[in-house]
Each structure stands twice: as structure tokens, then as C-alpha cells.
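User: I've got a model open and I'd like to talk through how it's put together. Can you take my questions one at a time?

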Amino acid sequence: MSVELLNFIETVINGLMSGIMYSLVALGFVLIFKASGVFNFAQGVFALFAALTLVGFQTGQVPFSHLINELFGTNFHNWYPSLHSFFAIILTIITMIILAWLIEKLVLKHLVNQEPIILFMATIGLAFVLEGVGDLMWGSDVKVLDVGIPSGGSEWLEKTTIGWASEGSEYYGMYIDVLNVWATIIAVILVTALALFSQYTKTGRALRAVADDHQAALSVGISLRSIWVLVWAISGFIAMVAGIMWGTESGVQFSLSLIALKALPVLILGGFTSIPGAIIGGLLIGLGEKLAEIYIGGLLDIGAIENWFAYFMALVFLLFRPQGLFGDKIIERV
Amino acid sequence: MGLKKMIVGFLGSVIAIGGFLEVATADLKFPMLVYRTGAYAPNGIPNADGFVDYYKMINARDGGIGGEKIVFPECETGYKTQVGVECYEKHKENAMVFQPMSTGITYQLIPKASADGVTVYSTGYGRTSAKNGKVFKWIFNAPATYWDGASIAVRHILKQNLGNIKGKKIALVYHNSAYGKEPIRTLQVLAKKHGYKLMLLPVDHPGQEQKATWLKIRKQRPNYVLMWGWGVMNQVAIKQASSIKFPMENFIGIWWSGSENDVMPAGAGAHGYKALTFNAPGDDYQVHKDIKKYVHDKGQASGDGSHFGTVLYNRGLFQAMVQVEAARVAQKIHGTSKITPAMYRDGMENVDLNAKRMEELGFKNFAPPFKNTCENHGGSGLAAVQQWDAKAKKWNMITEYMYGDAEVVDKLIAEDSTKYAKEQKIAMRCN
């Protein structure tokens, strides 16, 4: 094969893999929007908060230690030297469930029947509050996150593909980050689990009923509030997974909340109400932006186009299919 | 009492108290533009802590500068240019000096501060040509500029290649902002001079996703990669470089891409990564002992004290020290402890931090000596290369402090500053 073709294949694979990372963030948005019609602006901060909490549990950091030490002149920093990642993840899941319950109790409950824009504004407020609380609880340092997921280039793939190029050409083998492979496996497991949960469990059916029609679901005795807690807890769990994957790559730090911006074009493309849409949208955006950066950018001798190119793709898509690839078509009767 | 009256009363009290505090305590005002929140907080916090601890130490140990206490109100910019300008407007009254901690903010403040008569000190960042004191009366960027940095990095590469880098490929991975773009011109001129090929690879804010950039590097195999990054961009770039097995000893960051924060997330993969620096790491200097004695041991450390001795904390100490020294020099020149912003500028222009003075200030061997003059606001232009040891988790200085390529840099500075002077109709000074 020619080196150009192999490079193209490499770009396509890496684009798709990056797209999966975006899908992990987009999934959380979709779940909440589907069940409650709320566009959760705080989803990125959820990922940050979950990752901060996970590192906090792993390292035994005392929450609010900075504040406590400042107020009482103490020198508390750590409860214990370290905790196994498995237990830290369990504790983080419990924290995210408590957070979901608190959000329902303190925010959503009081905003039932309000306009979607009010709920959206509430999630903006939530994002800032959560970011501030996260800062106070765990501090602003860059934290190293390691839950045992391997990362770095795959040597196996590199060695296997190095001989694929035509004889005499300069080729170094294909590159894939193992972390992205794991992200793909985890995303497949997540989507399958979500599909099985919503299809074959009683709670899952209730969740779908709420997603289809709030009023009808209420009329058959489904508790809207407990479904909301459940949905926010699940999306908190997904945020934790996204936080782990992104945090492993860059360290856990406050810029992690900005990954939400990566999910927006994915949602526009895939639709706000479709789980498969979040995956397909992510794949398309990842692929599109990497091809644009390397090939269009290379052709025009410009760089850093991938960020805006994703939004350009989303904008073009909006013009032809406003509801996204798999989103529900909005039909309003007059 | 009605709600309206309560609000008016409350606001009135706040303004009155604020005004009282301002009058009662404002001796020497050194406003701080900081970013303790947002995407760049991990870098902003240790740096700001260094400033605050130093000012507190001077107030506690010496009773201020010449008997005048330092007040240092903080204003949170979040590394946002517009917010930085608002912070400047809010605090410019009677301010001695502004340290914008952002090249974008510095560019915005240059005309404003020059008109207002306020000193701006952008330590090793900001507009490079502000080094020319003949044009930029109120702006200082000592001890080294980005163009010094770019040419020092190339000089280091030249040394490694026995002076010949013709045909080599050097990539610049840069923050796609005023800051990141600053070294491009110098690197282009140096490419012509030394015959290397320059690859430009911008990374958009914040730099969380750089896969395409590093795929390009993997395909095109540059011999060296230089980085002008900040915040998460540094961590992701170092991790990606390690992931594609780029030789880390050929990866050199500017002094803002060489903190502990930048290398820790990549773990062992960051071993061998290099960065320029104009100050030493570590906490074994006299200034640290004084800070420990007068600030930390009294429970008054800024933050939780965990950044003590880190690269960015030490840089904050160095920046604050220069600012304090400028005030001392101004007091000496004008024979009064109650200096005005204009007097302070004179002090900054006459700062002479020679080795003896550095030692007196507790900074022996901490940074190379430098001196500002009317013509030269950019100091010595000296920087060294430090290398990360991932096992020991510490930076080691691997070169002496070296000069950049004055032949190239000085010419570019003269060109750029003269152009600016013509555009702004600024009469040259120092004649």
C-alpha cells in the first residue's frame, strides 16, 4: 500500500476513536434531555467534578481541607495514603448519586413546569456552583489520574503495520492510542448496558415512558421525581467515565469542564434525544475534524481548524436536518 | 425598613468601608491580576502565591518598602483579556505597577498604561519589542523576551548538532493566541540564517485535544519540537509526545511550558523533556527561608503552601522581588518613601540586579543578573535549559545561562518597535 493511503487510514481510525471520546460526553447530555427536556449545561462540570472526586478518594485527600486548615489553623490534608481505584470508583458513583438527589431536591423540584429556558439557565448556574464547590473541595492543582487503563501508542499495531507500506518507502507503522481503544470498548459496553436497561427492566420502561410523555407517565403512576434522580445519577456515572478517559489523557484539571464544548456539535449532528445518535454523531465529528485538520489544513497551510470545523459541520447539518440524524422531528399542531 | 432602603444602606456601607480601607492602607499599591479560577488556574495559583508570600514577607520582615507597606489587591482575570483590562481600569488609580500575567492582556494595556502613566511589567512575556525603552517608556519585560527564548532554544539545538542544523526540521507547537504567535517571526528569520525547515502547528485554546497535531508530527518527523504552550495544552502535548515516542530530549518548551504541573500527568513518559528557564527551581534559597520564617510559620501562607519552591511559585517570587526592588530604587532616586507611579517607573528603569544585590535580597544564584536602562527594558536576555527527571520528580539545570542571537533579535526588536512608534506617533527618548 502507498504511505499516503496508510496515513489516510490512520487519520480515519484516530478520528473515529477521538469521536468516541466526544460521544462519552454527549451521552450524558442525551440521557438528561431525553428524560426531562433539560439541556444540562453542567454536564462538562459533572465530568470534572466526578474526576476530581475520584482522585480525591484515590489519594485520600480530605475534602475542603484548604478551607478547614484556613479557618481552624489545622494541617489536615489526607485521611489515608491511598485507596484502590475500584473502591474509589464505587465511592465516586455513590457521590454522584447523592449529587443527583441533591440537584433534584434543591433545584429541579422547584422548577417543575417552568419553561425549558429557565431549566437551562438553572443548569448554567449549577455548572458554576459545582465548579466552585469542586475547587473548594479538592483544590485547583493538576491531578494525576491513573485507574490502571493503559495509554500510549499501540506497539503491536505499529509493528504489525510497518511492513504494509510499499517497499522502499519511509513508513513507521500505524498509530493508535490504547486509551482510545479502551474508550471505544467502554462506550460499547455503556451503550449496550443502557439499551438493555431501558428495554428489559421495569425502571427502564418507566424511564422511556417519561422520555416519551411526562403527563402520560404521571397518569399511570410513574414518579417523575425519582426518574429524574435516576437519570441524573446515570448521567453522573457517564460523566465519571468521560472524566476518567479525558483525565487520564491530560490530568484532572479545571479545563476538563470545557470538554462539554466538544459534545455540542456531536449533539447537533446526532440529535439531542438519541443514544445511538450520540455515538454516530461523535464518530462523524471526530472523523470530520481530524480529516479537516490534516488534509484541508495541510492543503491550505493553516492549522487549528479542527475546533471550528466541528461546528461548521454541525451548522451545515442544522440547515438540512435541524433535529439531527436520529433526533425526534418536532411537529407542532396549530 | 423596606427592601430598597436596606439595599441602598448596604451598598452605601460597602462603598464607605471600601473607601476607608483604600485610604487607610494604600501605601504602595501593587495590584495583582491573577487567575485562581478557570482553565489556567493550575498555573495561575502557584504564581500568584509566590507574589503574595513575597509581599507578605517584605511587609513582615522589613515593615514594607522604606517603611511603606505594600498593598496588593487581587483581581481575578481568568486569563481573559477583556476581564484583565477591566481589572486594570478598576485598580489603576495610584497603582505602582501592573503584572498582567498574560500576553493578550499586556498587548491591550500597552497603549492604555502608556497614556495613564502606569508601569506594566511583563516578566518574560508580552510584547517582545517593548524591550526597546526608547519607544515603550512605561513597559518592561526583563529579564528575557520570547525572541530571546526562541533564539536560545535554537542555540541549544545548534550546540547539540555541532553548529550545523541545515536541513533539520524544527516544529513549533504553539498556543493559537498572541502569546503563542510571538516567537514565529524570530524562528522564521533564524530558519533562513541556519537553514532549518520550520513547521508551524497551532493549537486552539485550551488545547485539550491535540491528536491531529501529533499525528502530523509523527508523519513529518521533525528533529526537534519547540513549544509555546500554557495550561492544559502543555500537559496534553507532553503526554502526546510521549505517546508517539517522540524523543523527549528533543522537545523543548519555553519557560511557561516548564513547570511541575506540565510534566506530572505524563508520568515516566515525560522523562527527559526540556524547558527554558530564567530562574532556578527549588526551595533552598535565603528568600525561601525568610518566607518560611515570616509568613508560613505564622500560618499566613498564601493558599495551602503546597506550591512552595515549585517553578511557577519561584517565578512569582522573582517577579515580585523585581517589582519591590524597583520601588526601593525609586525611593532612593527621588529621596522619598512616598513615591508616585511616575517615580516608580524611574525606579524600574534603573533596576540593577547584579550578583551582589541578588545575594543581598536572598536570591543568590537564583537567576542571572540583569540591569534595566533607558534603552533596554528587557534585561539581560539570559536563559538556561532545564530537564525533567521523572524518577526524582525534579527539574535539573543542564546548561549555563546563555544569550540569544542578538544579531537577529535586536534587529527585529528595532524594526518592530520603530514601526509601532511611527503608528502611534511616539517620539524616541533616551537621546
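Here are the questions and answers, on a predicted model.

User: What ipTM does the predictor give the complex?

Analyst: Start with the scores for the whole complex. The pTM is 0.90. Alongside that, the predictor gives an ipTM of 0.89.

User: Which stretch of chain B has pLDDT below 50?

Analyst: Chain B averages a pLDDT of 93, with 94% of its residues at 70 or more. One stretch falls below 50, and beyond near neighbours in sequence it has four contacts in the model. Where pLDDT is low, the coordinates shouldn't be read in detail. The stretch is residues 14–26 of chain B.

User: Which helix gives the most to the side of domain 1 of chain B that touches domain 2 of chain B?

Analyst: Chain B splits into domain 1 (25–145 + 281–380 + 411–424) and domain 2 (146–280 + 383–407). Their contact takes 28 residues from domain 1 and 29 from domain 2. On the domain 1 side, H2, H4, H12 and H15 of chain B each supply at least two residues. The one giving the most, with five residues, is H12(B).

User: Where does the largest nonpolar core lie relative to domain 1 and domain 2 of chain B?

Analyst: That core has 226 residues, and Leu24(A), Ala47(A) and Ala51(A) have the most contacts inside it. Its largest share, 16 residues, comes from helix H10 (residues 224–250) of chain A. Both domains of chain B give residues to the core too, so it lies between them.

Notes. Residues are numbered from 1 along each chain as its sequence is written. Chains are lettered from A and ligands numbered from 1 in the order in which they are written. This is a predicted model: local features need pLDDT of at least 70, side-chain atom pairs count only at pLDDT 80 or more; totals for chains, interfaces and linings use all residues. Domain bounds come from an automatic or database domain assignment. Two residues are in contact if their C-beta atoms, placed from the backbone, lie within 7 Å. Helices (H or I, at least four residues) and strands (E, at least two) are DSSP runs, numbered from the N terminus. pLDDT is the predictor's confidence in each residue, from 0 to 100. A nonpolar core is a set of buried Ala, Val, Leu, Ile, Met, Phe, Trp, Tyr and Cys residues joined through C-beta atoms within 7 Å. A residue is buried if 20 or more other C-beta atoms lie within 10 Å of its own, exposed if 12 or fewer, and partly exposed in between; C-beta atoms are placed from the backbone.
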